[in-house]
Structure formats: structure tokens, C-alpha cells
Amino acid sequence: MPHQLYIANGACSLGAHVVVRELGLPVEIVKVKTRVADSPIHAVNPLGRVPALKLEDGTVITENSAILPFLADLAPGTPLFAPAGSAERGLIQSWIGYFSAEVHAGGFRAVNRPERYSNDEAAFDGIRTQSRATLKQTVAHIDRHLAGKEWLVGNRFTIADAYLGVFVRWIARFGTDFADLEHLNTFRERYNARASVQAALVFEQQE
């Protein structure tokens, strides 16, 4: 059985899914539902989260920060990553860490799931409002970095861009509040135009 990448529609697993398609890797894409008690993802990842990468030998790797580099290393020399010990590799991994910690966990999680931060429902709106303001500051840093650039590192699409695309697509749901982030908005257009992204979205949105 080949490696299997477990993903869910609309989840942060889109980044890993895009990388598989960018590289043409022999990895089976398995779509599951999350936050459902009987979802098969629980038999793979006890936390019930995606992405999860199940290797041929049964080993399971979780978290985008581990899965994205692992997938890229399955295609040695790919321009989606960089050689071990190089500054570019460090920069790519630095951005992945920033997206995981600051944008996803530090921003979107509080906006989408305020019950994690208070058991008082009356506080939820305040948590969402403050978290959106914090998220705006967090992604504005990325927007400034992208000024004059198409992609994050080395003027080419990398696994860091594949991951950033997830959050730039999520930001679009906020409408005018984030409309002034012009570099992220044009990044979204470039990202959505990639054949790998379009193919991944078609697959994920199928019933």
C-alpha cells in the first residue's frame, strides 16, 4: 500500500495536498471528515486531526510542520524546498513555523473556536473581535514581506507558499476587513491559479 495522506475539505491539510500534486508523488489522498466521532481519521491520528501521513510501514506523521518537509524530501532536489544546511531551507521552515504557531493556532483558532478560551458564552464575541485584530497584525507582517515578491523565498513556489495559501484563502472570508492587504490578495490570485491547487480543490469538494 502506498503512503496515504489524510485530508479534509476546507482544512489546513490543503497545503500538503497541494504539495503532493505539485510533485506528482505516489501518495494516495484519503478524504475524511473531522469533528465526527466515527470518522476513520481517529484510527490514524488519535487527535482526529488532518493532515496525517500514513507511511507504507504504518508509521504516522502528523502536523504540517513535519509533513510538508517530509513530502518535499521524497523528491530530492525539488525547487519546492532547499538543500539541508542551506539558508533557504531555514527560511522556508521558519515561515512554516510562523504560519503554524502565529497564524493558525494564534489567530484563526481563537476566531473560530472561542470556547477554547472561555466557558462564558457572553465572552465569545469579544474573543473573536480581539483575535481578528491580532490576526490582522500577524498577517500584515507577511503582506509587507511579499511587497515586490511573487513568493516567500527564492522567487519560486515552495512548500511554505503551499501552506500560506491555506490561510490566505481563509482570510478572504473576512471580506473588507482584510481587503487592504494587497500583496496577500494578489498572492491568493496566483495561488488559486496553480493547476495543483485547482485539482486539489476539485477533489476535496467532491461529494
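Contact here means heavy atoms within 4.5 Å. The model is predicted.

**Exercise 1.** Place R89 in the fold, decide whether R89 is buried or exposed, and find its partners.

*Solution.*
- Step 1: R89 sits in helix α4, which spans residues 87–112.
- Step 2: The relative accessible area of R89 is 14%. Buried means under 20%, so R89 is buried.
- Step 3: Set aside neighbours within four places in sequence; R89 is then in contact with D73, F81, A82, P83 and A84.
- Step 4: With D73 there is also a polar contact, side chain to side chain, at 3.1 Å.

**Exercise 2.** Describe the largest pocket and say which helix gives the most to its lining.

*Solution.*
- Step 1: The space in the largest pocket is about 1,000 Å³.
- Step 2: Its lining has 37 residues, and A11, C12, T34, R35 and V50 lie nearest the centre.
- Step 3: Sort the lining by type: 12 nonpolar, 14 polar and 11 charged.
- Step 4: Helices α3 (64–73), α4, α6 (159–171) and α8 (195–205) each supply at least two lining residues. α4 gives the most, with six.

**Exercise 3.** Identify the residues that touch the most other members of the largest nonpolar core, then look for a second core.

*Solution.*
- Step 1: The largest nonpolar core has 57 residues; L5, F99, V139, I142, L152, I159 and L164 touch the most other members.
- Step 2: α6 provides the largest share of this core, 10 residues.
- Step 3: Take L152. Not counting residues up to four places away in sequence, L152 touches W95, F99, I142, H145, L146, A160, D161 and L164.
- Step 4: A second, separate core has nine residues, including V30, I41, V44 and V50.

Definitions and conventions
Residues are numbered from 1 along each chain as its sequence is written. This is a predicted model: local features need pLDDT of at least 70, side-chain atom pairs count only at pLDDT 80 or more; totals for chains, interfaces and linings use all residues. Side-chain values use heavy atoms; hydrogens and water are left out. Helices (H or I, at least four residues) and strands (E, at least two) are DSSP runs, numbered from the N terminus. Buried means under 20% relative accessible area, exposed over 50%, partly exposed in between (1.4 Å probe, protein chains only). A polar contact is a pair of N or O atoms within 3.5 Å; within protein, one must be able to donate a hydrogen and the other to accept it, and residues adjacent in sequence count only if both atoms are side-chain atoms. On a 1 Å grid over the protein atoms alone, a cavity is a set of points where a 1.4 Å probe fits but cannot get out, and a pocket is an open set with protein on both sides within 12 Å along at least five of seven lines; lining residues have an atom within 4 Å of a point. Grid points are joined across faces, edges and corners, and a volume is the space filled by probe spheres set on the points. Ala, Val, Leu, Ile, Met, Phe, Trp, Tyr, Cys and Pro count as nonpolar, Asp, Glu, Lys and Arg as charged, and the others, Gly among them, as polar. A nonpolar core is a set of buried Ala, Val, Leu, Ile, Met, Phe, Trp, Tyr and Cys residues joined through side-chain atoms within 4.5 Å.
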